[in-house]
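Me: I'd like to learn how to read a model like this one, feature by feature. Can you walk me through it?

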Amino acid sequence: MSVEPALLAGEPAARPPKPGLPGRLARDGGIIFGALIILFMIVIGITAPWLGTKNPSEINPSFRNRVPGIEQTIRNDDGTARTFTYRMGTDSLGRDIYSRVIYGARVSLIIGITVAVISIAIGLFIGLIAGYLRWVDAVVMRLMDGLMAIPAILLAIALVSLFRAGVMSVIVAIIVPEVPRVVRLVRSIVLSVREEPYVEAAICAGTPTHLLLFRHVLPNTIPALIVQGTFICANAILLEAILSFLGIGIPPETPTWGNIMAEGRGLFRIYPHNIFFPGICLALTVLAVNVLGDGLRDKLDPKLARRV
Amino acid sequence: MGWPVTAPVLDVQGLTVRLPAGADRVHAVENVSFAVAPGEIVCVVGESGSGKSVTAHAVMGLLPPGQLTATAGRVLLEGDDLLRKSPTEMRRIRGDRISMIFQEPMTALNPVMKVGDQIAEVLDIHTRLSERERRARVLDVMTSVHLPEPERLIDVYPHQLSGGQRQRIMIAAALVLDPVLLIADEPTTALDVTTQAQILKLIKELRARRNTGVLFITHDFGVVAEVAHRVVVMQHGRVVEQGRTEDVLRRPRDDYTRMLIRAVPSLSPPPRAPAAAAPIVLQTTDLSKTYLARGFFAKRREVKAVKDVNLQVRRGETLGVVGESGSGKSTVARCIARLIEPTGGAILIEGADVARLGARALRPHRKRVQIVFQDPYRSLNPRRTVGAAITEGPMNFGMAESEAATRARNLMRLVGLDPDALARFPHQFSGGQRQRICIARALAMEPELLVADEPVSALDVSVQAQVLELIDDVRKRFNLAVLFITHDLRVAAQVCDRIAVMHKGEVVEEGTTAAVFAAPKHAYTRALFDSAPGRHFEFGKFEV
């Protein structure tokens, strides 16, 4: 006795289709605010040479510690003279702070995005394996616990001092303490998803382990990882600034927001603009990334939003 | 059952509750009217989405603000219209004159508060009793709900109590101020049958002793037959029929009511052809699963989930494994499907022992055993199409995509779904349709043994009947061996050739369905049968 298909057509579909994800994201104020500011910073970083800047490393001993807005007649390469306005003043070596801040956006964003992408890729790989293979889990997670027990900044300082100072070594130094957090997140998702009946059904259907992880488990981690990625990005930008401020990150001739602030620290009482302008940029960027992350979390990962 | 004509405690007149814009219908409930007299139990019965819970919440004044609003009608509690009360006034009425018990006793109690204090909280809010008087009242009400040793239990936390005891605490908290109306929203759905029987008995006893009117929300006609004086049947937010229990169950006037009652599986098994000596597909010998609770410093603790289970299923036969939660029946199913590794014994699938095989050696055996799970909403990957789900298995074993797709189309037709729906995603299907897809997915592997782990427990009664029919149909068509795990005796009676009753990890009784139902031998089996709600009632035999 078979069931009439006509009868089933009458059964209502469980849920009406939701509005598309891009549509839902575009309606969130926080997401728009965050995305616009980040986009602004990226544009500034890319178009830095055309924004009325000069060589950010050029030293001008005769024009040190000037206040914002001061003008100077400088010679171009072809010998003609022009008037250059130091919109944000100069630092104690006579470098143009405006140019340094603009070029500094490049380093901050490159480090933030690179760290986020690489630490998520590594963390995802280790987390998937740790969550799925029980015997790996014990070893890997104890290792991660150990890494997390060391303060991130101390670990980064130690790692930077092992290599030559530079953008690459700073990126590595920030990735290492970030990876355990991603591993823990991915592992916790894998542990709950592997109990889902549809995963067990796939096991019964003889799906090989690598396909099982790729098809059924990995897609569940994506929303949480996008959200986590924004927080890692913000954290990396801050950590780079801290390392540069402490004078152990990127070499002082490369302009980064942290370097500029470190440079201005000594004369902060007299010339606050040295710290003020890069500080504003840093705070605004980190705030934008965090706001974007919060917005994405609410939209993509409601479970996480409730947990936090 | 003649009732004296008294003023009703609760009189709902033309209640209409509007759904937010964009829902699948305009009103959650529409023009609902019924009354509850003092000392009377009125059951509101309906399938999911019928509006029965919304009705209860509207009476209690607990509709989610901004989403659901009562737009018309009156809810009279002893003559007072509750819909016109301010939130402050409603707070004073709730707990004092009306109280409510919920489905999930696990989550309805605060886990970090002693149960005695949770009952006392009601007194604290509504009365000005001294500490000592409060404690006396709490002990008194705990005694009246038959909690053992109230003096001790008053100072324990919810996790130290069993599910049934927690529900008793909930009932005690609801009744401590002697409300005139008790609203029970599926209060026994999350409980085992034996516990359910005790709670139902308690509710009947309390309403008689205290003359409380009870509005009882349920989906289970067994429960209705057990406790109700009057029944209100709801469908799509409307009352389709109401009347005295005897009348509605014996002489339903409405077609929907008839269909619902007819869909209730009977407790008496239909005659089945005795299984011939077909070849044995599944045999377990002394199957055991012991969990070791391993602590870092603590001693190892053993939990024997399954102990020495011997089962046998022949080709074309359905073996039912019946038991309450924690009886180990699902562990048996998961061992046989080799989702977990048993710690002892053998599992012979067509003579080959699969109990100890590693992942690689197990692969060729995977296709022989397929499983259908309880929760249709979680057993399909929400991100993959139905077609991908059905073809995944055959393609894992090297079938070409086009061939797998043809098989999927045929299977969709077989389980009563449109083959063109293969490109759709699971969320576009209802629960019953999804369970059909899961059956199609299992059949795509051409298994010898189908393990069905509570396949209809999450479904409405009318859909349940169709899915059971489908499982029986595919068993006959493919001459499958079926291992049917269930807690529901009615379901077991209808689909199983033989039954094994499990209790605390062991099979306590096994035999043909007819024999076990006619003359249960083991004490536990008898207790289980005695607890089945509405066991004295033969559903679907209508009088004209």
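## Reading the backbone and the packing

Reply: Sure, let's start with a backbone angle: B:Arg338, just after α12(B), takes a positive phi of about 55 degrees. Keep in mind that this is a predicted model.

Me: How should I read a positive phi in general?

Reply: Most residues other than glycine have a negative phi. Positive values are therefore worth listing when you go through a backbone. Two more turn up in chain B: B:Glu350 has a positive phi of about 50 degrees although it is not a glycine, and phi of B:Glu454 is near 50 degrees, again a positive value in a residue other than glycine.

Me: Where do B:Glu350 and B:Glu454 sit?

Reply: Both are in loops. B:Glu350 falls between β14 (344-349) and β15 (352-353) of chain B, while B:Glu454 falls between β17 (449-453) and α17 (461-478) of chain B.

Me: Is B:Glu350 buried, exposed or partly exposed?

Reply: Count the C-beta neighbours: 20 or more within 10 Å means buried, 12 or fewer means exposed, and anything in between is partly exposed. B:Glu350 is partly exposed because it has 16 other C-beta atoms within 10 Å. B:Glu454 has 19 such neighbours inside 10 Å, so it counts as partly exposed too.

Me: And the helix before B:Arg338, how many of the residues of α12(B) are buried?

Reply: Helix α12 (residues 329-336) of chain B is mostly covered, with 8 of its 8 residues buried. The list isn't purely nonpolar, either: B:Lys329, B:Arg334, B:Ser330 and B:Thr331 are among the buried residues, alongside others including B:Val332 and B:Ile336.

Me: Okay, what about nonpolar cores?

Reply: In soluble globular proteins, nonpolar side chains tend to be buried together. Here the largest nonpolar core has 234 residues, and B:Leu215 and B:Leu483 have the most contacts inside it. Helix α4 (residues 97-132) of chain A gives the most to this core, with 17 residues.

Me: Which residues does B:Leu483 touch?

Reply: Leaving out residues up to four places away in sequence, its partners include B:Leu282, B:Val313, B:Leu319, B:Val321, B:Leu449 and B:Val451. B:Ala333 and B:Ile336 are partners as well, and those two are buried residues of α12(B).

Me: Back to α4 of chain A. Can you show me how to read a single residue there?

Reply: Take A:Arg100, which lies in that helix. Despite being an arginine, A:Arg100 is buried, because 27 other C-beta atoms lie within 10 Å. Setting aside neighbours within four places in sequence, A:Arg100 is in contact with A:Pro56, A:Arg95, A:Pro255 and A:Ile260. There's a long sequence jump as well: A:Arg100 and A:Trp257 are 157 residues apart in sequence but 8.0 Å apart in space, C-alpha to C-alpha.

Me: What does chain A look like as a whole?

Reply: Chain A has 12 helices and 2 strands, in the order α-α-α-β-β-α-α-α-α-α-α-α-α-α. Of its 308 residues, 40% are buried. Among contacts with a separation of 6 or more, 71% join residues 24 or more positions apart.

Me: How do I describe two helices packing, say α9(A) and α10(A)?

Reply: Give the angle, the axis distance, the handedness and the residues involved. α9(A) and helix α10 (residues 257-265) of chain A pack at about 35 degrees, with their axes 7 Å apart, and the crossing is right-handed. On the α9(A) side the contact includes A:Ile242, A:Leu243 and A:Phe245, and on the α10(A) side A:Trp257 and A:Met261. By class, the contact has 7 nonpolar, 3 polar and 1 charged residues.

Me: How many residues does each chain give to the contact between chains A and B?

Reply: Chain A gives 24 residues and chain B gives 35. On the chain A side, the elements giving two or more residues are α1 (5-9), α8 (197-204) and α9 (209-245), and α8(A) has the largest share, 7 residues. That side has 16 nonpolar, 4 polar and 4 charged residues.

Me: Last one: what are the domains of chain B?

Reply: The domain assignment gives domain 1 (9-90 + 181-190 + 206-262), domain 2 (98-178) and domain 3 (315-340 + 354-531). The centres of domain 2 and domain 3 of chain B, taken over C-alpha atoms, are 40 Å apart.

Key. Residues are numbered from 1 along each chain as its sequence is written. Chains are lettered from A and ligands numbered from 1 in the order in which they are written. This is a predicted model: local features need pLDDT of at least 70, side-chain atom pairs count only at pLDDT 80 or more; totals for chains, interfaces and linings use all residues. A nonpolar core is a set of buried Ala, Val, Leu, Ile, Met, Phe, Trp, Tyr and Cys residues joined through C-beta atoms within 7 Å. Helices (H or I, at least four residues) and strands (E, at least two) are DSSP runs, numbered from the N terminus. Two residues are in contact if their C-beta atoms, placed from the backbone, lie within 7 Å. Ala, Val, Leu, Ile, Met, Phe, Trp, Tyr, Cys and Pro count as nonpolar, Asp, Glu, Lys and Arg as charged, and the others, Gly among them, as polar. Axes are lines fitted to C-alpha atoms, for helices over the stretch in contact, and angles run from 0 to 180 degrees between N-to-C directions. A crossing is left-handed if the near helix is turned anticlockwise from the far one by less than a right angle, and right-handed if clockwise. Domain bounds come from an automatic or database domain assignment.
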